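This report looks at how one pair of helices packs in a protein chain, and at how far the coordinates can be trusted.

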Amino acid sequence: MTEPNSEPAIIASSPSAVVVQDGDQDFVIAGGHASLHNDELAPTPPSQRKWGWFEIFNVWTNDVQSLAGYTLAASLFITAGINGWFVLAAIILSGALVMMFVNWSGQPSVKYGVPYPVVARASMGVRGAMFPATVRGIVAIFWYGAQTYFASTAVALAITAIIGASPTGTFLGMTWVDWVSYTMVAAFQIFLFVRGIDGIVKFLNFAGPAVYAVMVLLLIAIWWQAGSGLLRSVGELFAGEKSGMAAVSAFIGVVGTMIAYFAAVIINFGDFARFTRSDKEMKRGNFLGLPVSLAFFTFLSLFITAGAYIVFQDGQGDPMTNPADIVGQVGNLWLSILAAVTFFVATVGINLVANFIPPVYDIVNLKPDKLNFRIAGCITAVLGFIIGALWVSVIGNAGLPKFVDTLGAVLAPLYGVMVADYFLIRKKNLEIQQLYSLDPGGTYYYTKGWNVRALWAFGIAAVFAIAAVWVPALSALSGFAWVFGAALGAAVHWLVMRGQPLSSPESQRTAVG
């Protein structure tokens with residue numbers, strides 16, 4: 001993720017070629033067009049690929065550990081209607097499946113060094129890729145606003161613990177402490193963004209271990225108060241009333257919802273994978289960061305949620321699903337402040353990497369010769385601030401699982417189209433220079449730069465996936481929305497693209513290097 005004015009940089013461009021410089025080396029992309037190319041969209045040369053498995057691991061660790069991630073997991077334990085141990089197993093299975101999906105979506109970016117918006121040009125067309133990039137950007141901005149709100153609840157926890165009183169009076173469902181906290185988080189995220197991706201990565205590398213340490217401390221504190229009966233109480237609290245096929249359906253629904261939670265990162269994982277040193281490093285980081293880290297985090301979430309329900313709510317009402325609320329009940333000022341800081345750090349870190357930088361790339365991709373990193377960042381920050389400010393009073397009323405399923409249903413067909421195109425249609429071969437070419441005879445030019453067949457594949461799959469979330473008659477399928485959407489998108493794209501020419505006589509096959 002190159003920053004403005006950083007290497008690699010375009011040093012010359014014309015309708016027929018783009019020259020990218022990295023240090024003393026020049027990379028010529030024959031046939032490249034400046035309107036499809038800038039510093040952020042350029043192929044990442046080997047000298048810029050510095051990420052190992054630990055950086056990839058921390059991307060996932062922070063995504064899992066965010067306050068929204070905890071809230072979603074806790075909500076599923078409460079609402080799934082099946083035994084809590086089955087919910088835990090379903091979440092771990094989802095982590096293994098997401099690992100497989102991102103290994104697929106990240107592979108072309110590791111091989112060719114290009115970000116998601118450029119990879120999407122192969123399936124959608126050099127102009128048509130603006131559509132999936134825009135959809136991904138809109139979804140990411142929604143997530144950015146939501147995660148900003150969740151991060152602000154941690155800051156509000158610390159402020160409330162310090163002033164020793166809960167404020168009254170609300171505007172759009174938030175008190176003055178909530179608004180101060182929300183504004184502080186939004187400003188801090190912009191500060192980190194300005195510092196660049198290297199600073200954000202260092203931030204993530206600190207946040208991951210820190211959050212786990214605080215969660216373990218929180219679990220110890222709650223378990224100490226709950227006593228030896230906590231293990232038995234977990235089974236009783238999350239016993240679940242469903243059985244037979246209804247339980248199987250609920251189990252698969254939990255898997256689908258958790259996959260949808262990661263949908264925004266699944267589709268654009270290439271934005272991160274392009275910086276890894278090898279495919280092996282990427283896969284190792286994905287394994288440790290997804291099924292392994294997710295299993296540990298969910299285990300902690302299960303026992304913290306159950307323990308807090310027993311200790312602080314005396315088995316009355318609905319269990320608390322926000323760890324910031326649980327920490328506030330512990331009654332320890334220093335633990336409250338420490339937990340607030342670490343949860344804030346984790347949520348902000350992943351928010352920038354997963355929900356801020358990707359839409360910045362996507363917005364830049366709309367007009368590479370006019371927009372730059374900072375302008376796109378300002379657009380993202382403003383839109384995200386508005387969405388987060390409306391979370392309590394408007395957006396959050398639908399419930400986090402439904403919010404997650406809806407966004408996942410929009411993105412799933414795009415993922416299916418992109419992966420099917422790369423693996424089934426093109427057999428893992430891309431012509432890099434053609435991804436930056438507006439030559440009407442170019443490989444990825446299709447019809448005026450748009451692959452209409454791929455758009456039809458997306459449209460058919462998207463209608464079904466979104467309907468599965470919102471049409472009451474299909475409510476039983478809501479948790480399957482991402483899986484069905486991705487599978488249907490892939491299948492339809494494969495059917496409509498079979499037999500189509502994969503290159504043209506005018507295609508230039510000069511490799512980067």
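The angle between two helices is taken between their N-to-C directions and runs from 0 to 180 degrees, with each axis being a line fitted to C-alpha atoms over the stretch in contact. In this predicted model, helix 1 (residues 53-65) packs against helix 12 (residues 279-312) at an angle of about 30°, and their axes lie 7 Å apart. Since angles under 35 degrees count as roughly parallel, helix 1 and helix 12 are therefore roughly parallel to each other, and the crossing of helix 1 past helix 12 is right-handed.

On the side of helix 1, the contact is made by W53, I56, F57, W60, T61, V64 and Q65, which meet residues of helix 12 including M282, L288, L290, L294 and F297. The residues of this contact comprise 10 nonpolar, six polar and two charged.

The protein chain as a whole contains 18 helices and three strands, and 58% of its 513 residues count as buried. Among contacts with a separation of 6 or more, 80% are between residues 24 or more positions apart.

Confidence varies along the protein chain, which averages a pLDDT of 79, with 82% of the residues scoring at least 70. Strand 1 (residues 9-14) has the lowest mean pLDDT among the elements, 41, and helix 3 (residues 84-112) the highest, 92. Two stretches with pLDDT below 50 are listed here with their contacts beyond near neighbours in sequence.

| Stretch | pLDDT | Contacts beyond near neighbours in sequence |
|---|---|---|
| Residues 21-26 | below 50 | 15 contacts |
| Residues 504-513 | below 50 | 25 contacts |

Where pLDDT is low, predicted coordinates should not be read in detail.

Notes:
Residues are numbered from 1 along each chain as its sequence is written. This is a predicted model: local features need pLDDT of at least 70, side-chain atom pairs count only at pLDDT 80 or more; totals for chains, interfaces and linings use all residues. Side-chain values use heavy atoms; hydrogens and water are left out. Helices (H or I, at least four residues) and strands (E, at least two) are DSSP runs, numbered from the N terminus. Angles under 35 degrees count as roughly parallel, over 145 as roughly antiparallel, 65 to 115 as roughly perpendicular and the rest as oblique. A crossing is left-handed if the near helix is turned anticlockwise from the far one by less than a right angle, and right-handed if clockwise. Contact means heavy atoms within 4.5 Å. Ala, Val, Leu, Ile, Met, Phe, Trp, Tyr, Cys and Pro count as nonpolar, Asp, Glu, Lys and Arg as charged, and the others, Gly among them, as polar. pLDDT is the predictor's confidence in each residue, from 0 to 100. Buried means under 20% relative accessible area, exposed over 50%, partly exposed in between (1.4 Å probe, protein chains only).
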